[in-house]
Each structure stands twice: as C-alpha cells, then as structure tokens.
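Reader: I would like to go through this model with you, beginning with one residue and moving on from there. Could you take my questions in turn?

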Amino acid sequence: ADTLAAAFFLWGFGVSVAGPALNALTNDVAPAGRRGESLAQCRTAADMSLCVSPVALGALADVAGATAAPFALTSLGTFG
C-alpha cells in the first residue's frame, strides 16, 4: 500500500509540474485567434490517452506477458 501511495504521489507531482508547462507551450505556439481551440485539442488528446492507454497496455500484456508489457510499450513509444 505504501508503494502504491508513493507511486500516486510521484504521478500527481509530475502531472502538476508538466500540465501548466504544456498549457503555456500550447498557448505560445497557437495562432492568436485560436488559442482556446488549441488548448481544448491539447486537453482532449491528453484525456484520450488516459482512456486508450490502459486498454492498449492490457492487450499488450495479453500478447507479451504482464512483466514484459511495460518494456514493450516503452520500446514502441521510443522506436515507433
């Protein structure tokens, strides 16, 4: 239970640091008249990844095994 709590704490810390930076970057690169739309698309993409990732990792775990799935997912993300 302590390990899970520590993992959630680290995840929450990472999200709280990365979220505002990503919003600022999106706002900086978006055209002046479309900043709201750009922020909405960025948030939608992040939310969709939270919906799709568990299903994809579960399918990958069925194919590669539960212990190999995180490494296989990292390899797919890194090397495409």
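**A conversation about the model**

Author: Certainly. This is a predicted model. Let us begin with Ala-68, which counts as partly exposed at 29% relative accessibility.

Reader: Where is Ala-68 found?

Author: Ala-68 sits in the loop between H2 and helix H3, the latter covering 69-79.

Reader: And how far apart in space are Ala-68 and Asp-2?

Author: Their C-alpha atoms are 24 Å apart, while 66 residues separate Ala-68 and Asp-2 in sequence.

Reader: What about the other loop, where Pro-31 has its place?

Author: Pro-31 belongs to the loop between H1 and H2. With a relative accessibility of 47%, Pro-31 counts as partly exposed. From Pro-31 to Ala-7 the C-alpha distance is 37 Å, with the two positions 24 residues apart in sequence.

Reader: Let us turn to pockets. How much space lies in the largest pocket?

Author: The largest pocket holds about 260 Å³ of space.

Reader: Which helices supply at least two residues each of its lining?

Author: Helix H1 (2-29) and helix H2 (35-64) each do so. H1 gives the largest share of the lining, namely 6 residues.

Reader: Which residues line the largest pocket, and how do they divide by character?

Author: The lining consists of Trp-11, Val-15, Ala-18, Gly-19, Leu-22, Asn-23, Cys-42, Arg-43, Ala-46, Ser-49 and Leu-50. In the lining of the largest pocket, 7 residues are nonpolar, 3 are polar and 1 is charged.

Reader: Trp-11 is on that list. Is Trp-11 buried or exposed?

Author: Trp-11 counts as exposed, because its relative accessibility of 52% is over the 50% cut-off.

Reader: How many aromatic pairs does the structure hold?

Author: There is 1 aromatic pair in the structure. The ring centres of Phe-8 and Trp-11 are 6.4 Å apart and the planes meet at 65°, so this pair is edge-to-face.

Reader: Where do Phe-8 and Trp-11 lie relative to each other along the chain?

Author: Both lie in helix H1, 3 residues apart, which is about one turn of the helix.

Reader: Moving to cysteines, how many disulfides are counted?

Author: The count is 0 disulfides.

Reader: Why is there no bond from Cys-42?

Author: The closest cysteine sulfur to that of Cys-42 is in Cys-51, 15 Å away, and this is too far for a bond. The cut-off is 2.5 Å between the sulfur atoms. Cys-51 is likewise in no disulfide, as the nearest cysteine sulfur, that of Cys-42, is 15 Å from its own.

Reader: Is Cys-42 buried or exposed?

Author: Cys-42 is buried, since its relative accessible area is 17% and the limit for buried is under 20%.

Reader: Which residues are in contact with Thr-26, its sequence neighbours within four places aside?

Author: Thr-26 is in contact with Ser-38, Leu-39 and Cys-42, once its neighbours within four places in sequence are left aside. Thr-26 itself is found in helix H1 and is buried, with a relative accessible area of 12%.

Reader: And what does Ser-38 touch, apart from residues up to four places away in sequence?

Author: Beyond those residues, Ser-38 touches Thr-26 and Ala-30. Ser-38 is found in helix H2. The contact between Ser-38 and Thr-26 therefore joins a residue of helix H2 to one of helix H1, given helices as assigned by DSSP runs.

Reader: Is Ser-38 buried or exposed?

Author: Ser-38 counts as buried, at 17% relative accessibility.

Definitions and conventions. Residues numbered from 1 in each chain as written. Predicted model: local features only at pLDDT ≥ 70, side-chain atom pairs only at ≥ 80, totals over all residues. Heavy atoms only, no water. 1 Å grid on protein atoms, 1.4 Å probe; cavity = no way out; pocket = protein on both sides within 12 Å on 5 of 7 lines; lining within 4 Å. Points joined across faces, edges and corners; volume = space filled by probe spheres on them. Helix = DSSP H or I, 4+ residues; strand = E, 2+ residues; numbered from the N terminus. Nonpolar A, V, L, I, M, F, W, Y, C, P; charged D, E, K, R; others polar. Phe/Tyr/Trp six-rings, centres within 6.5 Å; stacked < 30°, edge-to-face > 60°. Buried < 20%, exposed > 50% of the residue type's maximum accessible area, 1.4 Å probe, protein only. Contact = heavy atoms within 4.5 Å.
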